[in-house]
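Q: Please take a close look at one part of this predicted model, namely the open sheet together with what packs on it and the enclosed space beside it. A connected account in formal terms would be appreciated.

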Amino acid sequence: MIFRRVLIPLVALASIACRGAVEPLPAPMTPTAVLVPARPVDVGLDASLTRTLDSLARSAVADRVAPGVVIAVGRYGRVVYMHGEGHTDWAPGSARTDAATLYDLASLTKVVATTTAAMILEEAGLLHIDSTVAHYIPEFAAVDSAKRHITVRMLLTHSGGLEAFAALYRSYRGREQYLQQIAARPLKYAPGTDMIYSDWDFILMQFIVERVSGQSLDAFVSERVFRPLGMADTQFLPPASLRPRIAATAVDTARGGLLWGVVHDENAWALGGVAGHAGLFSSVRDLAVFAQFLLNGGRYGSVQLVQPQTVVRWATPEYPNSSRGLGWDTPSPPSSAGRFASPWSFGHTGFTGTSMWMDPVHSMFIIVLSNRVNSAGMTTGHTALRRAVADAVEQAVRNEPVVLWERPPAAPDTP
């Protein structure tokens with residue numbers, strides 16, 4: 001696997017520098033082509049990991065961080081933990097959560113859908129990330145000439161100068177009105193001089209993907225990503241027939257009460273439920289497949305969607321003072337990746353309480369799904385939960401060195 005061939009010598013040297021001489025690393029296991037079940041000890045993880053993760057999930061539900069939590073951990077293509085704790089909602093009689101429970105992924109949409117679509121289009125020669133946004137969407141720079149300098153790369157790294165957020169949903173609906181408003185709103189800083197995490201970046205990426213591909217974002221990723229990978233649970237706008245499997249997201253009195261299968265993010269909702277920054281629903285069993293596809297260098301089973309070099313390049317930080325790759329994030333304190341994730345790890349989080357991280361040094365993925373915006377107590381407890389889960393998994397590694405990596409200060413964990 002390309003990640004391990006490049007990184008294992010580097011992590012061995014880093015371990016020696018941090019902890020003194022260590023035993024030579026054993027030959028890594030060959031990752032499976034598709035996910036298969038295994039025990040933690042089968043892949044070099046401590047046998048107590050299952051009990052630890054069970055305890056963390058139960059405690060989160062008991063502390064009312066969320067009505068339910070689902071966690072998945074895999075290593076070398078072997079799934080060693082995939083379990084749900086709690087229920088889809090607080091109401092009596094709500095279904096228990098499990099690997100098939102669908103959650104509102106929030107900003108995981110940015111990477112699972114939009115970033116992956118952009119990677120595919122770049123490889124096809126249809127998208128050039130150093131071209132300007134105005135090259136693909138001329139009307140974007142029609143009002144403010146400074147926006148002519150914003151490139152696709154800047155959108156992907158959140159460095160284009162756009163503001164973080166505005167409640168456009170209160171007055172506007174649909175792609176055309178949103179594009180007009182984003183084009184008209186003033187920049188917050190000169191493009192390329194700073195980094196502000198902004199949903200507008202990925203709404204614009206959605207518009208670019210749709211113009212370049214000639215398809216709506218949901219149709220493109222369904223046809224080119226989710227269907228080929230067998231991710232049958234992953235979709236925008238889930239039908240009402242799936243409600244028994246969907247975790248209730250939050251109470252929104254402005255939209256009629258409890259949201260259930262309706263996107264939590266108001267701007268994504270005003271865009272019709274399909275947006276580049278939010279709106280995707282999925283299960284932990286589907287996201288495990290997606291994570292392994294990335295760890296396998298863009299391949300799952302016999303399906304190669306993107307080349308290994310593309311995955312590595314997009315998952316690597318672009319600038320010295322930012323943790324951001326192209327779409328993807330990398331660990332920076334404090335992060336849901338925890339204290340022991342290698343600097344080559346990459347992942348993302350979602351406001352609703354979701355998180356997924358891939359650590360190619362240990363050939364491992366860690367996924368946490370929850371509906372913490374339906375919290376009945378600790379509304380910020382999800383951040384500690386995600387870090388605790390990541391730390392427990394990384395510290396369970398027994399066949400390779402585990403290092404408390406020191407990283408330069410960077411942007412705080414997003415959402």
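A: Helix α12, residues 381–395, lies across four strands, β2, β11, β12 and β13 (364–370), and runs at about 155° to β13. The model is a predicted one. The strands under α12 belong to an open sheet of six strands with mixed pairing, in the order β1-β3-β2-β13-β12-β11. Its edge strands are β1 (36–37) and β11, each of which pairs on one side only. A further helix, α2 (residues 49–62), also packs on the sheet: α2 touches β2 (68–75) and β3 (78–86), and its direction makes about 25° with that of β3.

At the β11 edge, the partner strand is β12 (residues 354–359), and the two pair in the antiparallel sense over five bridges. One residue pair can be named here: Phe346 has Met358 of β12 as its bridge partner.

Met358 also appears in the description of the enclosed space. Searching the whole structure yields two cavities of 30 Å³ or more, and the largest cavity holds about 50 Å³ of space. Ala337, Ala341, Ser345, Trp357, Met358, Asp359, Met364, Ile366, Ala390 and Glu394 line the largest cavity. Three elements, β12, β13 and α12, give two or more residues each to this lining. The largest share, three residues, is contributed by β12. By residue class, the lining of the largest cavity comprises seven nonpolar residues, one polar residue and two charged residues.

The chain leading into the edge strand deserves separate mention. Trp344 is found in the loop between α11 (308–314) and β11 (346–350). Its relative accessible area is 28%, and because buried means under 20% and exposed over 50%, Trp344 is classed as partly exposed. The C-alpha atom of Trp344 is separated by 8.2 Å from that of Ala315, the two residues being 29 apart along the chain.

A second loop residue offers a point of reference. Thr151 is found in the loop between α4 (133–136) and α5 (152–156). Thr151 counts as buried, because its relative accessibility is 14% and the cut-off for burial is under 20%. Leaving aside residues up to four places away in sequence, Thr151 touches Ile129, Asp130, Ser131, Thr132 and Val133.

How values were computed:
Residues are numbered from 1 along each chain as its sequence is written. This is a predicted model: local features need pLDDT of at least 70, side-chain atom pairs count only at pLDDT 80 or more; totals for chains, interfaces and linings use all residues. Side-chain values use heavy atoms; hydrogens and water are left out. Buried means under 20% relative accessible area, exposed over 50%, partly exposed in between (1.4 Å probe, protein chains only). Contact means heavy atoms within 4.5 Å. Two strands pair if DSSP finds at least two bridges between them. Axes are lines fitted to C-alpha atoms, for helices over the stretch in contact, and angles run from 0 to 180 degrees between N-to-C directions. On a 1 Å grid over the protein atoms alone, a cavity is a set of points where a 1.4 Å probe fits but cannot get out, and a pocket is an open set with protein on both sides within 12 Å along at least five of seven lines; lining residues have an atom within 4 Å of a point. Grid points are joined across faces, edges and corners, and a volume is the space filled by probe spheres set on the points. Ala, Val, Leu, Ile, Met, Phe, Trp, Tyr, Cys and Pro count as nonpolar, Asp, Glu, Lys and Arg as charged, and the others, Gly among them, as polar.
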